[in-house]
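Work through the exercises below with the model open. Each task is followed by a solution in steps.

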Amino acid sequence: MIQLDQIANANFHYKRYSLNYFLDSSARLGFKNIELWASGPHFHLDYYTQQNVRDLKQSIKDRGLKVICLTPEQSVYPISISHPDPVYRKASVEFFCRHIETAVQLDCNQMLVTTGLAYLDADESEMWNWCRESLEQICRTAEKEGVLLPLEAFTSYSTHVFNTAGHIAKMIREVGSPNLKGLADTDVMAVTGKDTIHDFIRELGDNMTYVHFVDGNPGGHLVPGEGKLPMEEALQALNDCGYKGYLGLELLDRRYVLDPEQAMRNSLAWFEKQGVLR
C-alpha cells in the first residue's frame with residue numbers, strides 16, 4: 001500500500017513565500033520528502049554560489065527533510081533538447097547537466113527532464129532524433145553521478161511528438177541508459193486524452209519511478225479531490241501494481257499561492273480519507 005512517507009510536498013505553489021517558509025511548512029505538516037522546483041524566486045542556480053547550495057542542503061537536513069526530485073524550470077525558461085538550433089540544444093544539455101551535479105550536492109538521486117517545446121513546422125522525426133541525441137548526452141552525466149532521470153511527457157500545447165507513455169517507453173529503449181526513467185502526471189495525461197494511469201503502468205513498468213499525483217478539470221494541477229479526475233482509481237492502480245516510488249504534489253493553480261499550506265493540509269486529508277497511513 002502507498003504510505004504517506006511516499007507523498008512529497010513541492011514548492012511550486014509556495015512561490016509567494018520564501019524558500020525557508022516552504023521548508024518549515026513541509027516539516028510542520030509532517031512531510032519527510034520534497035520535490036524542489038529549481039526556479040526563481042526560490043532556487044535559480046544563476047544566483048546561487050556553491051556555498052549557497054551547501055547552506056540550502058543544511059537547511060533541508062536540519063528540518064528532517066530529503067529532496068527526492070530536483071525539477072529545473074524548463075517550461076518557461078529557454079530550454080529545449082528538441083530544438084532545431086544545435087547551439088540552443090547544446091545550452092539546454094549543459095543546463096540539465098549542471099542541475100544533475102546540483103542534485104548530487106543536495107543528496108538527491110532524481111532530476112526531472114522534459115523534451116521542451118517543439119515547432120509545429122519542424123520535421124517530427126528530426127525533432128525526435130534531436131531529443132534522443134540530447135538525452136544520450138545528459139544520461140552520460142547522470143550515469144557518472146548516479147542520478148535517475150524521470151522523463152515527463154508534455155501536452156500537445158507544448159509538443160506534438162512526445163505526449164504519451166508509449167513515447168516515453170520508446171525513448172527509454174532507444175537511449176538505452178539505465179538512468180533514463182519515466183514519469184506519469186495524472187493531470188497531463190488527462191489533458192492529452194491519450195492515456196490513463198493503467199497505460200503508464202503497463203508501458204513503463206519498473207521504469208516508472210515518479211508520479212505527479214494531481215487532480216484537474218482536466219488541467220489545473222489541483223489538490224486531489226478538487227477536480228474531476230478519477231484520483232481514487234489512480235491511487236488504487238498504483239497500489240495494485242505495488243508502486244514503490246514517490247507521489248509528488250505538483251500544484252500549479254494560482255488559487256493556492258496565497259495559502260499554500262492549507263492546500264497541503266487538504267491534500268493530506270484526501271490521502272488519509274483514502275486510508276493512506278503514516
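**Exercise 1.** In this predicted model, find which helices each supply at least two residues to the lining of the second largest pocket.

Solution. Step one: the helices are H6, helix H7 (197-204) and helix H8 (231-240). Step two: the lining includes Thr 186, Met 189 and Ala 190, along with Ile 197, His 198, Met 231, Glu 233 and Ala 234. Step three: sorted by class, this lining has seven nonpolar, three polar and two charged residues. The volume of the second largest pocket is about 160 Å³.

**Exercise 2.** State the volume of the largest pocket and say which residues lie closest to its centre.

Solution. Step one: the volume is about 590 Å³. Step two: 29 residues line the largest pocket, and Glu 73, Ser 75, His 221, Glu 250 and Leu 252 are the closest to its centre. Step three: strand S3 (66-72) and helix H6 (186-192) are the elements that give two or more residues to this lining. Step four: the classes are 13 nonpolar, nine polar and seven charged residues.

**Exercise 3.** Check the length of helix H2 (residues 50-62) against the expected span, then locate its buried residues.

Solution. Step one: at 1.5 Å a residue, the 13 residues of H2 should span 18 Å, and the end C-alpha atoms are 18 Å apart, which agrees. Step two: Val 53, Leu 56 and Ile 60 are the buried residues of H2. Step three: seen down the axis of H2, these fall within an arc of 60 degrees, so they line one face of the helix. Step four: their cover includes helix H1 (19-28), strand S2 (33-38), S3 and helix H3 (86-105). Step five: the face turned away from the buried side carries the exposed residues Lys 61 and Asp 62.

Note on methods
Residues are numbered from 1 along each chain as its sequence is written. This is a predicted model: local features need pLDDT of at least 70, side-chain atom pairs count only at pLDDT 80 or more; totals for chains, interfaces and linings use all residues. Side-chain values use heavy atoms; hydrogens and water are left out. On a 1 Å grid over the protein atoms alone, a cavity is a set of points where a 1.4 Å probe fits but cannot get out, and a pocket is an open set with protein on both sides within 12 Å along at least five of seven lines; lining residues have an atom within 4 Å of a point. Grid points are joined across faces, edges and corners, and a volume is the space filled by probe spheres set on the points. Helices (H or I, at least four residues) and strands (E, at least two) are DSSP runs, numbered from the N terminus. Ala, Val, Leu, Ile, Met, Phe, Trp, Tyr, Cys and Pro count as nonpolar, Asp, Glu, Lys and Arg as charged, and the others, Gly among them, as polar. The expected span of a helix is 1.5 Å times one less than its number of residues. Buried means under 20% relative accessible area, exposed over 50%, partly exposed in between (1.4 Å probe, protein chains only). The arc is that of the directions from the helix axis to the C-beta atoms. Contact means heavy atoms within 4.5 Å.
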